[in-house]
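Visitor: I have a structure in front of me and would like to understand the words people use for it. Could you walk me through them?

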Amino acid sequence: MIINHPLLGPRDSAEFIYLGDANLIDRPNWQAPTAAKDFYEYAYLRDNPAGWHDELWFHEAGDRSWLVVTRNTLTHEISNVALARDVARLRGRSK
Amino acid sequence: MNQVNRLKGGQIDRSVTHRFKFDGKTFEGHQGDTLASALLANGVRLMGRSFKYHRPRGVLTAGSEEPNALVELRNGARQEPNSRATTIELFDGLLAKSQNRLGPLKYDLLAINDRFSNFLTAGFYYKTFMWPAAFWEKVYEPIIRRAAGLGSLSQLDDPDVYDKGFLHCDLLVIGAGPAGLAAALTAGRSGAEVILADEDFRMGGRLNCESLTLDDQSAPAWADDVVAELKSLPNVRVMHRTTIIGAFDHGIYGAVERISDHLIVPDLGKPRQILWRIYTKRTILATGAIERPIAFENNDRPGIMLASAIRTYANRFAVAANKKIVIFTNNDDGHRTAKDLHAMGVEVCGVIDVRADAPRSLDYEVLHGQVVDTKGRLGLNQVKIRLENGNIRSLDCGALGVSGGWNPNVHLTCHQRGRPTWRDDIAAFVPGVDLPLGMSVAGAASGIMSTTGALQSGTDAACAALSAIGIKSRAITIPQTEDAPVSIQPFWYVKGCRRAWIDLQNDVTVKDIQLSHQEGFRAVEHLKRYTTLGMATDQGKTSNMGGLAIMAELAGTSIPKAGTTIFRPPYTPTAIGVFAGRHRGQDFHPKRLTPSHKWAKEQGAAFVEVGNWMRAQWFPLAGETKWRESVDREVLAVRTSVGVCDVTTLGKIDVQGAEAAEFLNKIYCNGFAKLAVGKCRYGLMLREDGIAKDDGTAARLANDHFVVTTTTANALPVYRHMEFVRQCLFPDMDVQLISTTESWAQYAVAGPNSRALLQKIIDPFTDLSNDAFPFMSCANVTVCGGLRARLFRISFSGELAYELAVPTAYGDALIRKIIAVGAEFNVTPYGTEALGVLRIEKGHAAGNELNGTTTAQNLGMGKLVSKTKDSIGSILSERAALTAPGTLCQVGIKPLNPADPVIAGAHLMNEKGPIDAAHDQGYVTSACFSPNLGHAIAIGFLKDGDLRFGEKMRLVSPLTGIETKIEIVSAHFIDPQGERLRA
């Protein structure tokens with residue numbers, strides 16, 4: 001596969017390490033009353049869709065960016081690639 | 001009888017004669033021959049024995065789809081089994097052997113299997129060898145493996161070199177027949193970056209095999225001219241002997257280029273083959289079509305071939321398959337073979353056509369009927385024909401050309417689950433609409449069967465593909481040539497046969513398919529597995545279609561409804577060596593050497609692989625014959641004087657930024673915010689699920705600057721994890737990370753004399769006294785008169801100890817300096833074994849304990865996990881199941897009898913009671929002999945272990961029959977108060 005890195009352009013997927021569902025960005029609040037349940041779901045419960053999926057890939061043999069890659073798991077078509085840092089900010093993460 | 005069947009003409013070079021051996025007999029052929037054509041030229045029809053029944057077999061095809069003529073090519077370490085005689089380029093000195101036989105090829109003793117064919121039908125494995133069960137492995141399987149099979153391996157190391165490479169282009173053209181050449185020429189003239197790949201050593205595809213003219217040129221001459229023009233274009237890469245083996249995602253193709261297979265041995269310094277990864281924007285598949293046979297009684301005798309193959313041997317290789325040839329066909333193409341043979345002076349004894357409206361000929365007899373049987377034990381000598389009026393006629397002949405129609409070669413269109421679609425007019429599957437990204441199909445591969453059509457579709461496809469990527473091009477002028485329509489009447493097998501072969505490679509008959517249907521294995525995927533139809537080296541390129549058609553007929557459905565099996569890479573069998581490339585033996589992975597490697601080698605150190613690193617394991621002195629002698633000496637030297645160990649391999653991650661301390665608070669479960677500048681702290685890193693991930697120290701060199709260390713094995717995963725936390729979880733934190741593992745050479749200097757030794761190296765303005773530089777201090781210092789260095793007072797051994805780091809380039813000089821100035825203390829280099837013993841004596845956890853299943857509490861560090869801050873893993877580490885009574889806790893273990901060994905991996909059982917999984921109390925993770933205590937010691941995990949010191953237990957290893965009486969103790973075997981490291 002070829003991943004179109006937002007900074008570096010098209011790169012072979014062999015340069016990347018796959019992590020999984022991009023929902024790992026949405027780490028729960030440790031002080032919420034439901035933190036135990038929230039973290040349990042965060043760590044263990046993830047969708048495994050046959051179709052479009054937002055995934056985290058790490059450009060380990062490259063610039064060490066974490067990317068969010070929107071990929072169709074049936075066809076391997078990639079519709080969007082963004083820096084995970086930008087996605088995280090959009091989802092309200094900061095410090 | 002030298003080349004008795006050689007004709008005039010052809011694309012062989014008669015000025016170059018090659019001598020070769022087949023089954024020990026010497027023959028001659030010419031440059032441009034394949035092994036198959038040279039054998040046929042010499043009148044050899046029998047080339048092998050069949051897979052199951054050991055029936056005599058000859059060559060069926062003239063290409064890479066060959067199911068029958070498989071040989072062992074070359075000898076010694078270069079012997080390669082299952083090589084297709086049809087694709088082996090002849091060279092002088094070639095050696096080949098027929099395979100799958102017991103005794104000489106003509107008198108194969110295993111041909112007895114053929115007599116028992118009633119018992120060996122499809123599924124015979126499952127039915128015959130069920131009882132008694134124990135017989136399967138010991139009796140049946142070895143016999144079957146011996147009898148059924150293909151070629152044998154040399155069992156020697158492959159002496160050849162394989163390479164890998166990467167290529168990029170605008171347009172990849174797969175196949176250099178008329179469509180591919182037209183496409184490549186169109187694109188080449190437009191200036192686009194083009195790769196043209198063809199598996200053959202001669203480009204031109206079917207143009208080489210036909211008696212056609214293109215304008216006023218012969219077809220091969222036209223192909224030669226086009227190839228010459230393509231080679232003259234700097235933007236075109238023409239790749240002979242290159243098979244595209246797979247179509248992968250996003251325009252990536254795998255290609256194997258056979259650099260040296262046509263030579264007796266590769267030229268000096270040249271690889272045998274290269275695996276290319278081709279990245280292309282657009283692809284034109286022009287892989288042509290493969291003729292299919294018709295099944296009839298005894299249709300597997302040597303001499304029975306595809307009609308197109310007979311034509312190829314005649315036109316391209318100037319070889320008559322035999323002096324007397326009969327053709328059996330259901331379409332017009334069979335007649336083309338008869339015409340060409342007749343024109344070349346080969347006797348055509350008759351053309352049998354199943355169609356009533358077959359074209360007539362003045363030159364040979366055309367009969368309306370079907371071939372119903374053949375004769376000739378080791379080679380065809382007669383065919384029996386049932387005419388339409390029911391009369392039986394026999395024709396004497398030595399070769400029979402069979403044409404059942406042509407299958408577009410859709411293989412690569414299916415590698416991403418594309419499904420071909422059926423076309424009634426040509427009675428064949430053509431590529432479906434769901435092609436791999438950027439691929440279009442031209443010529444016969446797309447079902448366009450005429451030469452004119454192929455040329456036109458090739459140039460049109462190139463224009464369309466280039467236009468889609470913004471490159472302007474013009475269609476080439478198509479030369480005047482053949483443009484006949486397809487005329488075919490689908491015909492798969494002659495009814496009423498006892499043994500009519502569908503899959504020659506796997507000995508599958510029409511009857512086997514009927515049996516499969518009768519027993520309920522009707523889906524194509526089941527049919528394949530039940531009968532083995534379409535398996536092995538040819539993957540059913542000539543047989544799948546026939547089997548499918550018969551199954552559809554039996555099931556009362558249409559062929560497209562019956563479906564097809566999925567084609568998968570590789571397109572043809574591929575040597576494992578080319579996938580490995582240079583990554584074999586010692587080069588399987590990169591080798592990383594420590595800064596002291598050269599010096600350690602000079603000392604005669606034993607080395608051990610730690611991931612990619614080579615680390616010194618111990619340093620034997622003269623007279624030491626057992627590794628334990630060296631290790632014990634090294635351990636005692638550290639405890640009594642001073643030792644030095646290269647610890648460069650530990651991961652070092654530089655953490656900088658205004659919020660560096662806050663960042664460390666997130667990744668470590670214990671607190672770092674208040675760590676003073678100039679201090680180090682032990683840090684335990686958890687995974688988000690609360691399991692320990694890694695540990696190490698973090699040293700605060702400045703307010704906004706930390707150096708984090710990781711274990712050797714986790715240097716990369718920890719860095720990746722820290723970047724995840726930084727970029728994905730806390731994107732606005734002011735912190736930067738970089739791995740500096742390879743930037744610093746780092747040595748542990750450990751033992752009571754370590755301070756005295758370092759005072760001779762570290763420049764005097766640094767006060768090393770215990771008050772000025774106590775345990776867990778760190779500082780930027782200079783050594784040897786001004787070289788910048790980092791000093792950490794940390795201890796893995798439990799002794800007074802330091803780690804000193806200098807820029808890597810000075811690592812070699814520093815180890816030599818330490819050894820030189822340490823001579824007065826008898827400074828002793830120690831390796832990873834002594835390192836291990838020292839840390840087990842001290843009860844320090846390492847990789848064996850941080851094994852991906854243990855928590856901070858298991859490790860005896862439950863109190864370390866801060867409840868007052870947010871850190872990765874802190875919430876889930878509090879889960880009830882992880883903290884419940886009975887949880888494992890790290891303990892020390894010593895044998896009651898000091899002479900007894902303690903084995904890592906052994907399990908702890910109560911002093912009395914059963915020994916089984918239900919009564920398991922824990923297990924040993926690390927064990928060693930302690931030279932300081934004089935007996936074996938170990939650390940491990942025991943249920944509620946922190947409450948059970950002094951308890952006597954049994955240590956068992958049922959696997960090795962070991963049972964040792966042991967006592968549970970504190971894991972801190974040496975200096976439990978930690979007085980030495982604070983000295």
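Guide: Here is a short conversation about a predicted model, one term at a time.

Visitor: Let me begin with chain A. What is the pattern of chain A along the sequence?

Guide: Chain A reads β-β-β-α-β-β-β-α, and its secondary structure comes to two helices and six strands. The C-alpha trace of chain A spans about 45 × 30 × 20 Å along its principal axes. Of the 95 residues in chain A, 20% count as buried.

Visitor: How many residues from each chain take part in the contact between chain A and chain B?

Guide: Chain B gives 18 residues and chain A gives 25 residues. On the chain B side, the classes are eight nonpolar, three polar and seven charged residues.

Visitor: What makes helix 7 of chain B "mostly covered"?

Guide: A residue counts as buried when 20 or more other C-beta atoms lie within 10 Å of its own. In helix 7 of chain B, residues 307–315, nine of nine residues are buried; among them are B:Ile310, B:Arg311 and B:Tyr313. The buried residues of this helix pack against several elements of chain B, including helix 1 (35–41), strand 18 (324–329) and helix 8 (332–343).

Visitor: Why are helix 10 and helix 12 of chain B called oblique to each other?

Guide: Their axes cross at roughly 45 degrees and come within 10 Å. Angles under 35 degrees would count as roughly parallel, and 65 to 115 as roughly perpendicular. The crossing angle falls in neither range, so helix 10 and helix 12 of chain B are oblique.

Visitor: Which residues make that contact?

Guide: Helix 10 of chain B brings B:Val510, B:Ile513, B:Gln514 and B:His517, while helix 12 of chain B brings B:Gly547, B:Ile550, B:Met551 and B:Leu554. By class, this contact has five nonpolar, three polar and no charged residues.

Visitor: Now the open sheet with the order 40-41-42-39-33-43 in chain B: what makes strand 40 and strand 43 its edge strands?

Guide: Strand 40 (778–783) and strand 43 (828–829) of chain B each pair on one side only. The sheet has six strands with mixed pairing.

Visitor: How do you know that strand 39 and strand 42 of chain B pair?

Guide: Pairing needs at least two bridges. Seven bridges join strand 39 (residues 744–750) to strand 42 (residues 801–807) of chain B, so the two strands pair, and they run antiparallel. B:Trp744 stands opposite B:Pro807 in strand 42 of chain B. Helix 20 (residues 811–821) of chain B lies across strand 33, strand 39 and strand 42 of chain B.

Key
Residues are numbered from 1 along each chain as its sequence is written. Chains are lettered from A and ligands numbered from 1 in the order in which they are written. This is a predicted model: local features need pLDDT of at least 70, side-chain atom pairs count only at pLDDT 80 or more; totals for chains, interfaces and linings use all residues. Two residues are in contact if their C-beta atoms, placed from the backbone, lie within 7 Å. Ala, Val, Leu, Ile, Met, Phe, Trp, Tyr, Cys and Pro count as nonpolar, Asp, Glu, Lys and Arg as charged, and the others, Gly among them, as polar. A residue is buried if 20 or more other C-beta atoms lie within 10 Å of its own, exposed if 12 or fewer, and partly exposed in between; C-beta atoms are placed from the backbone. Helices (H or I, at least four residues) and strands (E, at least two) are DSSP runs, numbered from the N terminus. Axes are lines fitted to C-alpha atoms, for helices over the stretch in contact, and angles run from 0 to 180 degrees between N-to-C directions. Angles under 35 degrees count as roughly parallel, over 145 as roughly antiparallel, 65 to 115 as roughly perpendicular and the rest as oblique.
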